[in-house]
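Q: Please take a close look at one part of this model and explain it in connected prose for a newcomer.

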Amino acid sequence: MARLKVAVSARDHVQGPDDADVTLVEYGDFECPHCGHAYPIVKQVEDHFGDRLRFVYRHFPLREIHPHAEAAAETSEYAGAQDRFWEMHDLLFENQQALGLPLLVESAEALGLSSAGLRKALDNGDYAPKVQSDFLGGVRSGVNGTPTFFIEGERHDGPHELADLVSAIERRMKRVGVRR
Amino acid sequence: MAQQILPRGARAPEFTLHVTPDQTLSLGELRGKPVILAFYPADWSPVCGDQMALYNEVLPEFKKHGAELLGISVDGAWCHAAFAKDRRLHFPLLADFEPKGEVSRQYGAYRTEDGFSERALFVIDRQGTIWWSYCSPVAVNPGADGILEALESLPRATEPATR
């Protein structure tokens with residue numbers, strides 16, 4: 001069973017409380033259609049579990065097959081540096097079909113962020129090391145495609161529709177003896 | 001049931017297979033470099049979870065160890081060419097096509113009942129001996145973590161191999 005090798009830390013983008021019963025980590029790619037499919041499902045999973053779940057998103061851009069994935073990931077980090085990571089994350093997945101530089105710029109503007117600043121950050125690759133660090137940590141952890149989910153550090157193999165994720169997380173909660 | 005794949009310490013069986021419709025590659029040509037052999041069932045599995053697409057992304061990490069990556073399946077050279085072009089693969093795919101699956105069989109990585117290769121990984125050391133091998137359930141893409149750990153544990157090129 002593949003296990004998450006990089007612990008959740010302050011450098012991660014996190015939704016939900018640090019003392020949640022279970023942590024769900026997604027390695028994703030903003031251009032990956034399967035990740036786009038999983039995006040609303042993850043939101044439903046978060047709604048379902050509320051404060052019992054902590055969700056972490058990490059980058060795993062498949063750059064060869066998804067030409068815009070790297071720039072999209074760096075754009076989300078640019079927003080993240082200004083505390084707007086999740087809004088950008090949502091915008092990018094919600095507009096996945098139109099992904100490309102114009103959408104990245106528009107999304108930055110929609111969030112009130114400087115588009116000139118974004119272009120500069122992309123040209124300089126300011127956030128490339130962060131994205132690459134997520135990617136390599138994912139490789140080390142046995143990420144085998146996108147999206148790859150880890151539930152409490154264990155890779156979730158198999159389908160990731162709503163029912164699959166909810167039941168896998170519930171099984172994990174039972175195993176750690178969580179009672180609420 | 002499937003046979004056992006060749007274990008660590010076994011001599012890696014030599015082979016010559018088509019890498020393009022008009023070129024062949026022999027394992028022996030790569031002696032002196034670590035070689036990663038990745039047997040897989042078939043070209044054209046779904047994109048984002050595809051094992052070869054993943055290894056393509058991790059290729060720079062394999063190269064840091066001086067390693068050569070070879071994908072092997074029973075698909076023919078023309079099929080491999082189309083697949084490699086579509087997925088923009090930067091490493092060779094070998095066609096274990098005629099006699100079908102013969103090299104896979106030699107490595108213990110052929111599923112006779114299905115007629116295709118296992119998802120079996122081998123890291124072969126610079127002297128041509130299997131250093132690490134792993135067979136994943138056929139439905140589970142094994143990822144790249146095991147390969148990287150095996151490459152890291154290889155003796156350096158200048159050190160004598162000890163095991």
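Which residue has a side chain joined to that of A:Thr23 by a polar contact of 3.0 Å? After that, please describe helix H1 of chain B.

A: The model is predicted, so local features need pLDDT of at least 70 and side-chain atom pairs 80 or more, while totals for chains, interfaces and linings use all residues. Residues are numbered from 1 along each chain, chains are lettered from A and ligands numbered from 1 as written, and side-chain values use heavy atoms, without hydrogens or water.

The partner is A:Arg54, whose side chain makes a polar contact of 3.0 Å with that of A:Thr23 (N or O atoms within 3.5 Å, a possible donor with a possible acceptor). A:Thr23 belongs to strand E2 of chain A, residues 22-28, strands being DSSP runs of at least two residues and helices of at least four. With a relative accessible area of 9%, A:Thr23 is buried (under 20%; exposed is over 50%, partly exposed in between). By contrast, A:Asp123, in helix H5 of chain A, counts as exposed at 69% relative accessibility.

In chain B, helix H1 covers residues 51-64, which is 14 residues. From its first C-alpha to its last, H1(B) reaches 20 Å, close to the 20 Å expected at 1.5 Å a residue. At its N-terminal end, B:Asp50 acts as a cap, with a side-chain oxygen 3.1 Å from the backbone nitrogen of B:Met52. Further along, H1(B) bends by about 55 degrees at B:Val58 (the angle between axes fitted to the seven residues ending there and the seven starting there). The proline B:Pro60 follows that bend within four residues. Just after the helix, B:Gly66 takes a positive phi of about 70 degrees.

How is H1(B) placed within the structure as a whole? Eleven of its 14 residues are buried, so H1(B) is largely enclosed by the rest of the structure. Among them are B:Met52, B:Leu54, B:Tyr55 and B:Phe62, together with B:Val58, the site of the bend. B:Gln51 and B:Glu61 also belong to the buried set.

H1(B) also packs against helix H4 of chain B, residues 145-153, with the two axes 11 Å apart and at an angle of about 15 degrees. That makes H1(B) roughly parallel to H4(B) (under 35 degrees; over 145 is roughly antiparallel, 65 to 115 roughly perpendicular, the rest oblique). In chain A, the axes of H4 (residues 101-110) and H5 (residues 115-124) come within 8 Å and cross at roughly 135 degrees. That makes H4(A) oblique to H5(A).

Notes. The expected span of a helix is 1.5 Å times one less than its number of residues. Buried means under 20% relative accessible area, exposed over 50%, partly exposed in between (1.4 Å probe, protein chains only). Axes are lines fitted to C-alpha atoms, for helices over the stretch in contact, and angles run from 0 to 180 degrees between N-to-C directions.
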